[in-house]
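Here is a short set of exercises to work through with the model open beside you. Try each task before you read its solution.

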Amino acid sequence: EDFLNSIRTRCGRCPLDPSLDPHVRSILSEAEHEPPPIFPCCAIIHCSVIQEAERENYCFAIRMSGGYIIVEDCFISSSCLSCISIENETTDAIIRKNEMVGSSGGIAMLGSLGNVLVDSNHFHGHGYSAIEIARHANPTIRNNLIEKSELAGIFVFEEGEGLIEDNDIRENITSGIEVSQGSKPIVRRNKIHHGQGIGISVRDEKTTGLFENNEIYENDDVNISVRSCNPSFFNNNIHNSQTAGICVYGRGSGLFENNIISHNAYEGIICINSTPTFAHNHIHHNKRSGITIHDDSGGIFKENRIELNVGGIEVRRTISPVFSDNITIDNEPVAKEVKEAIEKG
């Protein structure tokens with residue numbers, strides 16, 4: 001606390017001028033991030049910031065609310081609230097090359113913000129989600145290693161947005177990325193893998209989001225789960241789940257185009273009480289059917305290539321899905337005992 005009070009005092013009395021300070025100029029250049037020229041700049045660099053407050057004394061290790069702030073190459077730990085809280089639309093920030101750990105979360109961005117970049121950090125061992133984005137916050141999250149959180153690696157909720165790209169998200173407990181409550185992030189070129197739950201979970205009415213060029217693999221639950229919402233998935237590689245590749249259910253829809261869905265332990269795609277559109281996907285080498293559609297599902301399935309699965313397309317208890325120009329070749333017949341196991345759930 002004394003350290004942070006000292007930082008606040010120095011920032012208030014003698015703020016850095018980002019146009020003059022050579023270290024700050026170097027950080028901004030490497031991060032491709034320019035501050036408004038009239039803002040004072042506070043830089044916290046090469047520091048350890050550890051918050052060990054008792055539970056009744058709720059506080060963050062670092063709280064940002066206004067101005068231009070850089071945190072680089074620090075070790076940050078919190079046993080209470082998140083390591084870093086970023087608030088207020090007048091706050092611009094670069095959070096870069098830090099290590100964050102603790103029994104709480106990593107970074108919470110809850111509300112409209114300025115220009116915020118979270119780049120090349122290592123998040124691990126958090127008791128909640130490593131990164132939380134909500135209430136129209138729209139940060140850029142890139143090149144981070146996010147692992148071993150007790151909840152989601154990245155949780156976007158309550159109409160959160162954000163650009164989430166080129167991150168390695170692994171070994172998180174509930175999901176790699178969870179999107180809910182009307183949020184609409186852009187998620188691209190991430191590796192989301194070896195989680196103990198779902199790879200990407202998208203749920204709730206009015207939730208959308210664009211997911212493209214990601215690799216989602218070797219998660220213990222489904223690689224992608226879509227419930228009651230309408231996201232878009234393009235050009236993703238979805239493979240080696242311990243269950244199914246994609247599950248769309250609970251009145252979910254969504255557009256899935258040009259994805260590769262392969263080598264999953266159950267079906268490539270399962271649709272339950274849903275109406276998605278699957279077009280131009282390559283669905284192969286799954287250990288159950290390439291596509292299973294049942295329980296009042298409809299949807300559109302066109303120009304998909306479905307091959308080398310244990311079963312091609314299985315349709316039962318549905319409401320007339322539309323099929324056109326799919327290629328189904330070299331799928332093995334479903335063995336009687338496998339079919340009975342599937343029907344029993």
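**Exercise 1. Place Val 315 and describe the patch to which Val 315 belongs.**

Step 1. Val 315 sits in strand S34, residues 313-316; strands here are DSSP runs of E with at least two residues, numbered from the N terminus.

Step 2. With a relative accessible area of 41%, Val 315 is partly exposed. Buried means under 20%, exposed over 50%, and partly exposed in between, using a 1.4 Å probe and protein chains only.

Step 3. Together with Ile 313 and Phe 323, Val 315 forms a nonpolar surface patch with about 220 Å² of accessible area. Such a patch takes residues with over 30% relative accessible area and no salt bridge, and joins nonpolar side chains (Val, Leu, Ile, Met, Phe, Trp, Tyr) within 5 Å; the areas come from the Shrake-Rupley method with a 1.4 Å probe, and only the protein chains shown count as cover.

Before going on, note that this is a predicted model: local features need pLDDT of at least 70, side-chain atom pairs count only at pLDDT 80 or more, and totals for chains, interfaces and linings use all residues. Residues are numbered from 1 along each chain as its sequence is written, and side-chain values use heavy atoms, leaving out hydrogens and water.

**Exercise 2. Is Asn 144 buried or exposed, and which backbone atoms does its side chain reach?**

Step 1. Find Asn 144 in the loop between strand S11 (140-142) and strand S12 (145-147).

Step 2. Asn 144 counts as buried because its relative accessibility is 2%.

Step 3. Its side chain reaches the backbone nitrogen of Ser 120 at 3.2 Å, and a polar atom of the Asn 144 side chain lies 2.9 Å from the backbone oxygen of Arg 142.

Step 4. Beyond residues up to four places away in sequence, Asn 144 touches several others, including Val 118, Phe 123 and Asp 168; contact means heavy atoms within 4.5 Å.

**Exercise 3. How many disulfides does the structure hold?**

Step 1. The number is 0, a disulfide being a pair of cysteine sulfur atoms within 2.5 Å.

Step 2. Look at Cys 47: the closest cysteine sulfur, in Cys 74, is 4.7 Å away, so it is too far for a bond.

Step 3. Cys 47 is buried at 19% relative accessibility, and Cys 74 is buried at 4%.

**Exercise 4. Which residue forms a salt bridge with Glu 165, and where do the two lie?**

Step 1. The partner is Arg 188, with N and O 2.9 Å apart. A salt bridge is a side-chain nitrogen of Lys or Arg within 4 Å of a carboxyl oxygen of Asp or Glu.

Step 2. Arg 188 is in strand S17 (residues 186-188) and Glu 165 in strand S14, so the pair links distant parts of the chain, 23 residues apart.

Step 3. Glu 165 is buried at 8%, whereas Arg 188 is partly exposed at 25%.

Step 4. Contacts of Glu 165 outside its sequence neighbours include Ile 141, Asn 143 and Asn 190.

**Exercise 5. How many salt bridges are there by this rule?**

Step 1. The count is 16.

Step 2. One joins Glu 158 and Arg 135 at 2.9 Å, N to O. Glu 158 lies in the loop between strand S13 (152-157) and S14, and Arg 135 in the loop between strand S10 (131-134) and S11, so the pair ties together parts 23 residues apart in sequence.

Step 3. Glu 178 and Arg 203 form a salt bridge, with their closest N and O atoms 2.4 Å apart.

Step 4. Finally, trace the salt-bridge network that links Glu 72, Arg 96, Asp 119 and Arg 142.

Conventions:
Helix = DSSP H or I, 4+ residues; strand = E, 2+ residues; numbered from the N terminus. Polar contact = N/O pair within 3.5 Å; in protein donor to acceptor, adjacent residues only side chain to side chain. Patch = residues over 30% accessible without salt bridge, like charges linked within 9 Å, V, L, I, M, F, W, Y side chains within 5 Å.
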